[in-house]
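I opened this notebook to record what I looked up about the pockets of one protein, and about one residue that I followed up afterwards.

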Amino acid sequence: MIDARRLRTLRAVADHRTVTAAAAALYLTPSAVSQQLAALEQETGHTLLVRDGRGVRLTAAGEILLTHADAVLAQLERAEADLAAYASGAAGEVTVASFATGIALVLAPAVAALAGTAPDLRVRVLDAEGDASLPMLLDGRADIAVAVEYRGAPRPDDRRLTRLPLYAEPFDAVLPLHHPLAAATGPVAVADLAAEPWIGPYPGNPCHDVVLLACEHAGFQPRLVHSSDDFRAVTALASAGAGVALVPRSALRDTERTAVAVRPVDSPLATRRVFAATRAGAELHPLIRPVLATLAEAAGHLDHPA
């Protein structure tokens, strides 16, 4: 008999690639994780992991078991959801991890709405970068992730997750006032900014990926001279003539824009696609389901819903 708790451990090690990192995600000691993995290998009769440099990797048998583990863990989530529904679990806490703009645009309005429609449902909010909320969800530190598409994110067909599209937000070009395109009418062609110095987020930030994709689609690699994950700083640098930038439209709402020109761009790839995700099966939980529905309702009131 295979212990489902050990399957969770195997999934964590596959995600984090080291026993130490998996132990931290599971709030266990590395020795406890190693013991669970050894017991799982005894249960299955197969070697599931081998050392790979400073980390570990799954063997062929481990990859096979991991595929079944994802299905088993999703079914366990559904079982918990069904039991909670049977118990009429209308009271409890749901933890939602979201990046800051997602909190402002959809999560905070959803929290306000749920206070009236489901007063016994408590929503706990964790501020997380756009590429951090999904690992928090998969590690069990959050029940819902409000996340953005980025390179390296789990694919839309990942069987561990259920996704709910929320909104697609365009990026605008932020230009110094003296820039030749500052007074342009209509969208700015991203290709016309190829020779400029650029200001943008650090690699790893999902918005960095959006900028790179838009520029690559226009036929060039941006010359990123200045880096900041704070769009107020990005806008300030543009106002000082330090370069040009692409910034999510909602991030410009609370920035000082008197010394910059903000123009739409012609690239469909200059878009931040935002979605809510749960672990597969958990979307049916009676506490999680109303939070997802209220997030979708809040997103539907935006100027750029999904």
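Entry one. I began with the largest pocket, keeping in mind that the model is predicted, and I found that 23 residues line this pocket, with Ala100, Thr101, Phe231, Ala251 and Arg272 lying nearest its centre. I then looked up which elements give two or more residues to the lining of the largest pocket, and these are α5 (100–117), α7 (206–217) and α8 (231–239). Among the contributors, α5 gives the most, with four residues. I noted a volume of about 550 Å³ for the largest pocket, and I sorted its lining by class into 10 nonpolar, five polar and eight charged residues.

Entry two. I turned next to the second largest pocket, for which I wrote down a volume of about 440 Å³. This pocket is lined by 19 residues, and those closest to its centre are Arg8, Arg11, Leu73, Leu138 and Arg279. Both α1 (4–16) and α4 (60–86) supply at least two residues of the lining, and α1 gives the most to the lining of the second largest pocket, with six residues. By class, I recorded seven nonpolar, three polar and nine charged residues in this lining.

Entry three. I finally looked up Thr278, which lies in strand β11 (residues 271–279). Is Thr278 buried or exposed? I call Thr278 buried because its relative accessibility is 1%, and buried means under 20%. Leaving out residues up to four places away in sequence, I listed what Thr278 touches: Leu137, Asp143, Ile144, Arg160, Leu161, Thr162, Glu283, Ile288 and Leu292.

Key. Residues numbered from 1 in each chain as written. Predicted model: local features only at pLDDT ≥ 70, side-chain atom pairs only at ≥ 80, totals over all residues. Heavy atoms only, no water. Buried < 20%, exposed > 50% of the residue type's maximum accessible area, 1.4 Å probe, protein only. Contact = heavy atoms within 4.5 Å. 1 Å grid on protein atoms, 1.4 Å probe; cavity = no way out; pocket = protein on both sides within 12 Å on 5 of 7 lines; lining within 4 Å. Points joined across faces, edges and corners; volume = space filled by probe spheres on them. Nonpolar A, V, L, I, M, F, W, Y, C, P; charged D, E, K, R; others polar.
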